[in-house]
Structures are given as structure tokens and as C-alpha cells.
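Q: I am new to this structure and would like a close look at a single part of it. Please take me through that part step by step, and then say how the chains sit beside each other.

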Amino acid sequence: MSSFICVLKEDGVATVTLSRGKVNALNEATVEELYVRFRSLEGDASVSSVVLTGAGKFFSFGFDIPEFLEYSRESFTRYLRLFSRFYAYLFLFPKPVIAALNGHTIAGGCMLALACDQRLMVAGKGKISLNEINFGSSVFAGSTAMLKACVGERAARDVLFSGSMFSAEEALMLGLVDKVVPQEDLMPLAARAARELGGKNAAAFRSVKSLLRKPVADEAAGREEASIREFVEIWYSPETWKNLKEIKIAP
Amino acid sequence: MSSFICVLKEDGVATVTLSRGKVNALNEATVEELYVRFRSLEGDASVSSVVLTGAGKFFSFGFDIPEFLEYSRESFTRYLRLFSRFYAYLFLFPKPVIAALNGHTIAGGCMLALACDQRLMVAGKGKISLNEINFGSSVFAGSTAMLKACVGERAARDVLFSGSMFSAEEALMLGLVDKVVPQEDLMPLAARAARELGGKNAAAFRSVKSLLRKPVADEAAGREEASIREFVEIWYSPETWKNLKEIKIAP
Amino acid sequence: MSSFICVLKEDGVATVTLSRGKVNALNEATVEELYVRFRSLEGDASVSSVVLTGAGKFFSFGFDIPEFLEYSRESFTRYLRLFSRFYAYLFLFPKPVIAALNGHTIAGGCMLALACDQRLMVAGKGKISLNEINFGSSVFAGSTAMLKACVGERAARDVLFSGSMFSAEEALMLGLVDKVVPQEDLMPLAARAARELGGKNAAAFRSVKSLLRKPVADEAAGREEASIREFVEIWYSPETWKNLKEIKIAP
């Protein structure tokens, strides 16, 4: 089995790097591997906190749309459930997770970033976006709830209705990222943030994180399966399918 | 039947204009007609989005208090249920609705504005307010939830506890409106915003809007009937009734 | 029975002053007395609104940790339930409550401040903090929900994860306090704010406050007992206990 995830541990911080092609596109194998790796880090007493980042110029471009065009509807739905399960798990991960956004952070990639505890983004190097609406796709109940928790209801509306590609600096103003840093500082500062949160009393951190996030997660959980089914309906509609095939042709 | 609502369609945008007397005060017939017209626009394939505005110098001054003073308690309660049904319907309307606030937007008028997707307000021409507390009235569970979703919990407290009349510019700072524009630009910019959102994939827009707003609406729905009953109790209390009668005398 | 609470009434405003030792530390007797006094003010027709403040240089340093180290686990748990009952009651208190933060407002002290309707803080004189995480303690579902309602989800995360001691000016930026005032103006301005809110129609105020806060309170109420049990588990863990004993030694 080839691996799309690289995990390095140093000083109590595990750095998880998405590494799949040029754009770190997400498919079933990648998401499954992310889940397995994080499960392992959850139980690893030598790991106090995690940094999640991407290799190359992208954090992640989101779902691997060309690959998914080949999936059956059933397989695609199964993938969505896995993806949803993973980001819901990540959102409540009992240890601190810092997203080090090294470049473009788009759609499903942005959803993963939103599930982390803090987001650092490299300056002037990439866009962050939930651009689904612009190719005729919806999003999910869980990712919408995480976005609201991150930026508030009003900015969530602006992000989702516009589908805009935000620079790191714009994302900072919106609250979509917490800090914008020069490229050379990204990984050191992410590791520092991870060590800082990882240095807190682990039980107290876990408890406080759960008090903050469990109400958000619980409210969304009851809506998630219906939102996945609606997502699939829209995805396979003729108008959206046509857009998706054009994405396939793009370089 | 005389009509208090004017609907014009152009380029996929339906402009719905409140047109009742000088202040576009809301009564049962107006709210019922708004509901019927929006239901019709929902099913009208030629309409992609809606602009809601008012004729003259007011968007709406809110409930027609002098008229309601003549209602029986039962009739007034029935009106409140219709009003509540309409703004709840508007809040989840599956097509984009832009509020073009052409002037004073007060109390019930502000509640309608809050149910829209975006609010543009004319500069220097009117006040926006949920001033109920200042004549001894409460508001509703639904309108409170919509206000919170619009401006956040803290500003919602300030808006409702003070009952202040905010200028468009102050409302922009609070997040109560999204844009303040010169009078001559109001309708063109509202139409442009409507075309922009109306140009998105309709199914994706509807789904995303529902993901954003259904949790808000569902939470409030369970509290709405009790809040209407409490509203009525307070409305008919001697102290509030005295205030309401003074509003009657006002020009 | 010695009293830790002083209540003065003037012009319809009751000023409740915490007065226990140098730091107004909270113990069972203090919280029980607060509850009894507020219950009495709720029913007192001569009182329209309340100011809550502290004697000396502290609003409150929070729980009386040295005293609680002598408690049995059962007694401490009983205290937590009383404390939780009191702040939940205060959060929904039907009359306006203004917190006049005269100095350090820490941990449990900050939770009481969050339950008030407005927070005025003296400039340059004290810190405000939910610093529990830094001695290895968690917080509660209710206090987390009140913090979120006050500052939003994102700032709530920053406040709780960092455990930072904020100056009044920093707290103002965060939204943790509403106004920062010179020491000599604190009580007059708090009384003015109390008179202003207390001058509103009492039934309308009570109703609007409930519409704003009941959804927050209800959501948290279902999680409170479990969060108290988790708090106790963490409090008595060896690592946290060691920290608590060091606090005991501090002057």
C-alpha cells in the first residue's frame, strides 16, 4: 500500500503531511489513511500535539474530482461518509491540532483546516476558499457548522455564498485563519503553537476543547447524513456534472 | 381586493415593493399578501432572486399599531402567527432575497429585513431599529434568533436592550446591514447583488442557505408559539397599552 | 452567621458587594448567600436592577482553593453544583445585572461576571481571566456557553486555551467587558447603566432577556452535570492536585 501521508515526530509534536500528487487531492485512500494515522497519534503517549500540513505548493485542493467522476454513486457516497467521519473526528481530536497552511486550501482542504484548533497560513502564497457553490456543489452540515464556529454566522454566509478565493491576509480579516506568516516561519511557528497547546495539562485541554466543540458537533451530527444525501443529489445533477467534467480537463 | 404589494420582474430579479400608506405599516392583509406573492415567486421559474424594498421614505415602520388597537386579542394573536409564519418562510426562502432598505426600518420592518440574505441601506436617510423595548413590547424567539445570526449574540443584546435607532452607518458597524449606498445607487446595487446570487447554481444555493439557516430556524421554531403568547400578554398589559395608545396619537 | 455579601439599595438599584477576605474568594457559604440575596432582590419590588461588585482590590479571585483542598470530594462536588446553580440563575435573572469589575476577575469570579448583562471594568487595575487550564483544571458547560455568548466561539477558544490574564483594555477588545472606566467612575457609571436598563418596561426587559439567553442556557443545562463530574475527575488527578497545593502556598 502506497502512502499519501507522512508522519514525523519531534519533541512531542507529530507533523502530518498530506503528500499526494501536486495538489494533495483527497480520495478515499487518503482520507482513510489520515483517519488511521490520527487514531494512532491519539493513542501515542509520546505525542502531545499535531501539526497538519501539505507537501509542495498546496495544503490541499480538496476532493480529487477527476477520480470521483469514475466512481459509482454508491462509492462516492461511501467516500463522503468517510470524509465526514474523519473531519468530525478531527474536530473533536483530544489533542491540539495546528493547521499549517502552506498553500492553496480549497473546498475539502479548507474543511480539514476548519476542523483544526488553529490555522497558520503562509503569506502571499495561496488562496483559501470554500468555492463549492461556484461549480454548483453544496457543502455539508458539519463543515458549515465548523465554519460558523470559526468565523461566525455572518462571515460564514459571505464565504459560502460567494465561494470567493481569499488571500491569507483576507482570510485573517475574516477569522478564517489565525495568523499569517512568512513561508520560512510557517513550520517553526506551527510547531511552537503545537508545543504551547501541547504543554497544557492534557486532561484539562481535552475537557475544555470538548466543552467548546461538542455542542457544535452534536448539533451538526444529526443533520450530516441528510446533508450528504443532498450533496450527492446535487453533485450528480446535469448542470453540476457538466462543471465537474470541466474541472477534469483543467491542468 | 386592494394590493399593498407591487411586484416587478426584470432579468430574473423580482422586485417586491411594500406600498401601504406613508410608512408601509404591516397589517394582516399586507403580511398575507407578502406570503402569497413570495409563494408565487418561489414557484416562478423565470425568477432567480428577489429584492424586497419599500415605497416612499420608509422601508417599513413595522406593525400598524393604531389598527391593531382595534383588534381583539384573538385577532391580534392570529396576525402575529401569520407574521411569524411569513418571516420564518422568508428566512428559509430557497432563492436569494436582498433587502433594499430605502428608509426607516423599524420593529416588524426590521424583522423582515433580518430574514433576507443581504441588507443594503440608503445612506443618511433613515434609521434601523428593534425599538420594541422602548414602548414596553417584547419581540419573538424567531426574530431574536435571526438578529443573533446576523450580528452575533453580543450586538443582539445591545440592539434589543437599548432599542436604539441606528443610522445606516452605525448599523453597518454593528453588522445589521451589509452595505450603505447613496440613494440613487440603492436599487441598481440591490438588483446587482440579486443577480449575482441568483446566478449561482440554484440547487447549490438553496442547499447552502438551508445548511446555514435551518439550525437557526429549527432552534427558534420550538420557542416561537410560547414567545408569541408572552408577547401578547405584555402587549395587553396596562403599562404597554398606554404607550401603544400614545403611538396612535403620534402623526 | 457572618455575612460575605453586602447589599445596599438606592434609587431602585441594589448594589451587591462581595466581601470576603482580601480576594473575595468563593466558597459554599458565599455562593449560598449570593443565591439567597439575589432571590430576595428578584422579589423586591423596590429594586429595578442590580450592580454586582467586589470590595477592595479584587472583584473575585475565584474559588477558595486552599479551603477546597480540605473538602471531601463529595462536599466539593456539592459546592460545584451550588455554584453552577447560582450562575445559571444569575444568567437568567429577570432584572438587569451590571458587573462592576473593580479589580482582578479570575476563574470562578470571571464566570460570575459573564452571567451578568453588562460588564464595566476599572482601567489598569486588574486582570480578567479564565485561567483554569494553566493550573490543570477544566471549566463547565454553562460557563463555556456564557463565554461563547459574550465573545463568540473564536475568542472563547483563545480565552480558554491560553488561560491568559487580560488587562481591562485587552478584555474590551475581546468583548469580554463592555466598557473600561477610571476607578472613580466605576460605581457611578455602573449605577447609571443599571438605572438605564432598570428604567425599561420590566416585563419587556425580562422577556427580551429570556429570548436572548434561554436558548444558550437550555443547551448548556443538559451538559452541566456531566461537565461537573469531569471537572471533579480532573481536579483530583495527581497532576492538577499538585498545582492546586502550590496555589495554597502562594500569598
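A: What follows describes the sheet of one chain, the helix packed on it, and then the relation between the copies.

The model is a predicted one, and in chain A it contains an open sheet of six strands, arranged in the order S1-S2-S3-S5-S7-S10 with mixed pairing. At the edges of this sheet lie strand S1 (5–10) and strand S10 (179–181) of chain A, each of which pairs on one side only. From one strand to the next, the twist averages 20 degrees.

Strands of a sheet pair through backbone hydrogen bonds, either parallel or antiparallel. Strand S5 (residues 97–101) and strand S7 (residues 118–122) of chain A run parallel and are joined by four bridges, and within this pairing Ala99(A) has Arg119(A) as its bridge partner in S7(A).

Packed on the sheet is helix H7 (residues 183–198) of chain A, which touches strand S2 (13–18), strand S3 (49–54), S5, S7 and S10 of chain A. The direction of helix H7 of chain A makes about 155 degrees with that of S3(A).

Turning to the copies, chain B is superposed on chain A by a rotation of 120 degrees with 0.0 Å of shift along its axis, at an RMSD of 0.0 Å. The two copies are therefore related as by a three-fold rotation axis. They use different surfaces, since 7% of the contact residues of chain B recur in chain A. Among the residues of chain B, Gly152(B) comes closest to the rotation axis, with its C-alpha at 4.3 Å.

Technical notes: Residues numbered from 1 in each chain as written. Chains lettered and ligands numbered in written order. Predicted model: local features only at pLDDT ≥ 70, side-chain atom pairs only at ≥ 80, totals over all residues. Least-squares fit on C-alpha atoms with pLDDT ≥ 70 in both. Contact = placed C-beta atoms within 7 Å. Pairing = 2+ DSSP bridges. Helix = DSSP H or I, 4+ residues; strand = E, 2+ residues; numbered from the N terminus. Axes fitted to C-alpha atoms, helices over the stretch in contact; angles between N-to-C directions.
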